[in-house]
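Colleague: I have a structure here that I would like to go through with you. Could you take my questions as they come?

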Amino acid sequence: MPLTDTRLRALKPKDKPYKVTDERGLYVEVTPTGSKLWRFRYRIGGAQKKLCIGSYPEISLKQARDVAYEARRAVASGGDPAFEKRKRKIRAEFLSAQTFEAVAREYIEQMMVQNGRADGTIVKANYFLDKLAPAIGNRPINEIEPFEVLAPLKRLEATGKHETAKKCRSFAGRVFRYGVATTRCKSDPTSMLKGALVTPRATHYAAILEPTELGGLLRAIDDFTGYMVTKLALQIAPHVFVRPGELRHAEWHEIDLVDGVWKIPAGKMKARRAHAVPLSKQVRGYLTDLAEMLGREGYVFPSARSSKRPMSENTLNAAFRRMGYSKEEVTAHGLRATASTFLNESGLWNPDAIERALAHGDTNVVRGIYHRGKHWDERVRMAQWWSDYLDELRTGGKVIMGKFAKG
């Protein structure tokens, strides 16, 4: 006889568990403690199996019958309801432990550190994670909704950090897409946030683009009275025009003063491709002075506090401020724009050689390899010409007759 709510309520516990059937495999099991547990029996390949549905009255008679009906349909289609339930439970437990912060740290380690991304890029990724973690770090990544990500981004915007907010959204998107690829979540909620943030105004690194002003900067560097390693870094930077992070992370084993070349490994480059910098006789002279001061082990430009760490990323810009230059006038990164502008305006050098010297990426790999070989000799000559020209500007000598932009 099928069960009714009246019969179910009247069932009393006994010394041992006992079963009361409903219909078509559904029954309730009454335990000695008085619990009434819904069960569904079915067979697959001759083997009897059991699906646990829940307890009465939390699961009503109608709800239990509905579950049993769906289970019978699954069995008829070749499925196994109990096995599927176990899989769902295991997955739910797995996903509950997959927080945004856990997946993000795995992403940084697996996709950035092990793939040889530049140290500065990894530092920035951890910085973005630190900004997002208070809001969504402990949330299961598969449960996070767009508004949860938007909230910390809007807080950054409210403090005027528009660029940081934009980059945090981009980083979060990469983490979510990694989560999708590794089955921890089904979608990237940040894709819904495009257009929700203020577009930061494009800015360029301040750079000196007028010959007489550049000469004045070079003389000011020569008169710098701070830490000698910082002074030599300031003197070398205009000649090699690498990115500030590449300069401060230079190590002596990368530098060959005899052949005049600095070989920067791929892991330190923005484009993750090894880069060679020809060294003029002036740069070799500065490096020789450094080597006599500090020896030729470890970092070329060590921190004043520890020889085992490079100088900090703000050292050169802080030195420019001490010299009286504002951040709107000159930056360490802007020295690259200075060199690029002057070299192009001179009309003496192949633009591709200049781009290669700046280590700008070439989207065509074959073309990039070809240009690296083709322009090396020209880059060596260009490096020496540029250093000689900087010397002329520093001493107030002749300037290039070009259409230079005004700073």
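Modeller: The conversation below goes through the domains, the strands, one pocket and one glycine.

Colleague: Before we begin, what kind of model is this?

Modeller: This is a predicted model.

Colleague: Into which domains is the protein divided?

Modeller: The division gives domain 1 (5-95), domain 2 (100-193) and domain 3 (211-395). Between domain 1 and domain 2, the C-alpha centres are 42 Å apart.

Colleague: What does UniProt list for residues 98-180?

Modeller: The UniProt record, an unreviewed entry, lists residues 98-180 as "domain: Core-binding (CB)". In the model, that span is 77% helix and 0% strand, and its end C-alpha atoms lie 12 Å apart.

Colleague: Let us turn to the strands. Is strand E2 buried or exposed?

Modeller: Strand E2 covers residues 26-30, and five of the five are buried, so the strand is largely enclosed by the rest of the structure.

Colleague: Which residues are on each side of E2?

Modeller: Leu26, Val28 and Val30 are on one side, while Tyr27 and Glu29 are on the other. Both faces of E2 are covered.

Colleague: How many bridges join strand E1 to E2?

Modeller: Strand E1 (residues 18-21) is joined to E2 by four bridges, and the two run antiparallel. Opposite Val28 in E2 stands Val20. The hairpin of E1 and E2 has four residues between the strands, and Arg24 there takes a positive phi near 50°.

Colleague: And how does E2 pair with strand E3?

Modeller: E2 and E3 (residues 36-44) are antiparallel, with five bridges. Tyr27 faces Arg39 of E3 in this pairing. Five residues lie between the strands of that hairpin, where Gly34 has a positive phi near 100°.

Colleague: What joins E3 to E4?

Modeller: Nine bridges do, and these strands run antiparallel. Arg43 stands opposite Gln48 in E4. The hairpin of E3 and E4 has two residues between the strands, and Gly45 in the turn has a positive phi of about 60°.

Colleague: Next topic: what is the volume of the second largest pocket?

Modeller: The volume of the second largest pocket is about 150 Å³.

Colleague: Which elements supply at least two residues each to its lining?

Modeller: Strand E4 (47-56), helix H2 (61-76) and helix H3 (81-96) each do so. The lining of this pocket includes Leu51, Ile53, Val67, Glu70, Lys85 and Arg88.

Colleague: How do the lining residues divide into nonpolar, polar and charged?

Modeller: Eight residues of the lining are nonpolar, none is polar and four are charged.

Colleague: I also noticed a sheet further along the chain. What is the order of the strands in the open sheet of three strands?

Modeller: The order is E5-E6-E7, with antiparallel pairing. Strand E5 (255-256) and strand E7 (275-278) are at the edges, each with a single partner strand, so one side of each has no neighbour in the sheet. E5 pairs with strand E6 (residues 261-264) over two bridges, and the bridge partner of Asp256 in E6 is Val261.

Colleague: One last point: where does Gly216 lie?

Modeller: Gly216 lies in helix H8 (residues 211-222).

Colleague: Why does Gly216 count as partly exposed?

Modeller: Gly216 has 21% relative accessibility, and buried means under 20%, so Gly216 counts as partly exposed.

Colleague: How far apart are Gly216 and Val149?

Modeller: Gly216 and Val149 are 67 residues apart in sequence, and their C-alpha atoms are 48 Å apart in space.

Terms used: Residues numbered from 1 in each chain as written. Predicted model: local features only at pLDDT ≥ 70, side-chain atom pairs only at ≥ 80, totals over all residues. Heavy atoms only, no water. 1 Å grid on protein atoms, 1.4 Å probe; cavity = no way out; pocket = protein on both sides within 12 Å on 5 of 7 lines; lining within 4 Å. Points joined across faces, edges and corners; volume = space filled by probe spheres on them. Nonpolar A, V, L, I, M, F, W, Y, C, P; charged D, E, K, R; others polar. UniProt positions renumbered as here; feature names shortened; annotations may be inferred. Domains from an automatic or database assignment. Buried < 20%, exposed > 50% of the residue type's maximum accessible area, 1.4 Å probe, protein only. Pairing = 2+ DSSP bridges.
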